[in-house]
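Got your viewer open? Let's walk through this structure one selection at a time.

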Amino acid sequence: MILKQYYLGCLAHASYLIADPTTKVAALVDPQRDIDHYLEEAAALDLSIQHVFLTHFHADFLAGHIEVQKKTGAKIYLGRAANAEYTFHGLKDGDVISLGEVELRILETPGHTPEGICLLVAENAEAKPSAILTGDTLFIGDVGRPDLLASVGVTAEDLAGMLYDSIHQKILPLPDSVVIYPAHGAGSSCGKNISSETFARLGDQREVNPMLQPMSKDAFVEKLTANMAPAPPYFSYDAQLNKQNRPTLDENLEKTLKPLSLEDTMRLGNTGAVLLDVHTADEYAKNHMFGTVNIGLQGSFATWVGTMLDPKTPIVIIADPGREQEAATRLGRIGFDSIAGYLDGGMNALKERDDLVRSYQRSTPESLAQALDSDQPPLVIDVRTLAEWNDTHIEGSLHIPLPELEARMREIPKDRDLIALCRSGYRSSIASSMLERHGFTSVTDAEGGILAWTAYHVGAGPQ
Ligand SMILES: [Fe+2]
């Protein structure tokens, strides 16, 4: 049997290709929206992709089932409790899809969402399953959050109870040797505390996964629904979009990825478009266009775009020439298709327009320490999460988690120098760009974040 995991770090998302080496029939499970790498792999192995499964309606990314279906003719499968605009085959407990000898056996596992399924994978009809594709039902080290649909008539507690039953009745009775392949890894907002491993044996998870330890259903529900961070705002948008007919990624890029002059870029910026600069924080600090938002391609770009921007607001991409397509593709992965184009030439377009260019010196731990000791200390705006802030923070700093920054601008004094701070210097650059855009004139951010600050103080020894 061929079972291949594709791990996309930007979204902490895992998708799968399963195939029967004899018949060459293949299935994709939870594919990302850009699908060329699956097609290339299938071509290299001489496989025919005939089935595409979504374990559930994902909320954190736009799946590529429609792209796969249009390119390969594959049939789309969802749990039978699903409702979608496009044609699909609804799966119920016990259904078997044969790829030849290799079998995919369906388990209905409501909980993370009502229509969720898991796929058991077996070498042949007689064999015990060797793997289970759990979607967001069971992660390594955690289980899926039950609150993403809480606003549409099912409570998080109801879903958490269903998840308990699904796990105890369908998954835990399986043999220890079954390997769990989930749809997400560490850092995903679909769970609270997912491990950095991307697969594990059920026998091992039985020992170490806190949510699989013996406990009553009530205790499970309480543990699962406690301290749930708010879901990023784009989640409900993507969950809806995954049910709809919509243009493919290629169709949308063909329509939207157009070069724009500086004049057109400025006109769009003045009429409500977001000018999205995707350079690194260092590059942005040295040279950027006034009024832009910096979300760098080198970090969790899609998650932060989805958290900070509105999916319907037109976006103009400002990237190094040649990287526009990557930026647009990564926007497309979360369904941000309202791309108005990209600034032709990137920052080179501003060579003769110094009046539009801004820069700042990122603060180092040393310069920050000096500034904080001065007569007019800057205000540090700490944009990390509450848990990170509680762990450690700089005395006198103002804590506003990045997702709340836009709504809480009024709390920030206009008459102080501002230094945005995060863990490593990625989120802080998003923050400083947004502060500058909102009219704060003396803004920078802390290079290396609290990590560099802490290392500097450890290095300096006790004072
Ligand atoms: Fe999910």
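Here is a tour of a predicted model, from the whole chain down to single residues.

**Stop 1: the whole chain.** Start by colouring the domains. The domain assignment splits the chain into domain 1 (2-238), domain 2 (248-353) and domain 3 (365-460). How many Å separate the centres of domain 1 and domain 3? Taken over C-alpha atoms, the answer is 38 Å.

Now try another colouring, this time from a record. An unreviewed UniProt entry carries the annotation "domain: Rhodanese", covering residues 269-359 and 374-462. Select residues 269-359: the span is 27% helix and 21% strand, and its end C-alpha atoms lie 19 Å apart.

**Stop 2: the first strands.** Select residues 2-8, strand β1, together with residues 13-19, strand β2. These two run antiparallel and are joined by seven bridges. For one rung of that ladder, pick Ile2, whose bridge partner in β2 is Ala19. Four residues sit between the strands of this hairpin, and Ala12 takes a positive phi near 50 degrees there.

Keep Ala19 selected and add residues 25-29, strand β3. Ala19 has a bridge partner here too, namely Ala26. Four bridges join β2 to β3, and again the strands run antiparallel. This second hairpin has five residues between its strands, with Lys24 taking a positive phi near 70 degrees.

Next, show the side chains of β2. Which way do they point? His13, Ser15, Leu17 and Ala19 point one way, while Ala14, Tyr16 and Ile18 point the other. That pattern is a familiar one: in a regular strand, side chains alternate between the two faces of the sheet. Is β2 mostly covered or mostly uncovered? It is mostly covered, with seven of its seven residues buried.

**Stop 3: the largest nonpolar core.** Leave Ile18 on screen and add Leu119, Val316 and Ile317. Within the 130 residues of the largest nonpolar core, these four touch the most other members. Which helix gives the most to this core? Select residues 156-171, helix α3, which contributes seven residues.

Zoom in on Ile317. Leaving aside neighbours within four places in sequence, Ile317 is in contact with Leu276, Val278, Glu324, Ala327, Ala328, Ile339 and Tyr342.

**Stop 4: two loop residues.** Select Asp46, in the loop between α1 (36-44) and β4 (48-53). Asp46 has a positive phi of about 65 degrees, although it is not a glycine. Is Asp46 buried or exposed? Asp46 counts as exposed because it has 10 other C-beta atoms within 10 Å, and the cut-off for exposed is 12 or fewer.

Then jump to Asn227, in the loop between α5 (217-225) and α6 (234-241). Asn227 also has a positive phi without being a glycine, this time near 50 degrees. With 8 C-beta neighbours inside 10 Å, Asn227 is exposed as well.

**Stop 5: helix α14.** Finish with residues 427-437. How many residues of α14 are buried? Ten of its eleven are, so the helix is mostly covered. Among the buried ones are Arg427, Ile430, Met434, Leu435 and Glu436. Step just past the end of α14 to Gly439, where phi is positive at about 95 degrees.

How values were computed:
Residues numbered from 1 in each chain as written. Predicted model: local features only at pLDDT ≥ 70, side-chain atom pairs only at ≥ 80, totals over all residues. Buried ≥ 20, exposed ≤ 12 C-beta atoms within 10 Å, placed from the backbone. Core = buried A, V, L, I, M, F, W, Y, C linked by C-beta atoms within 7 Å. Contact = placed C-beta atoms within 7 Å. Domains from an automatic or database assignment. UniProt positions renumbered as here; feature names shortened; annotations may be inferred. Pairing = 2+ DSSP bridges.
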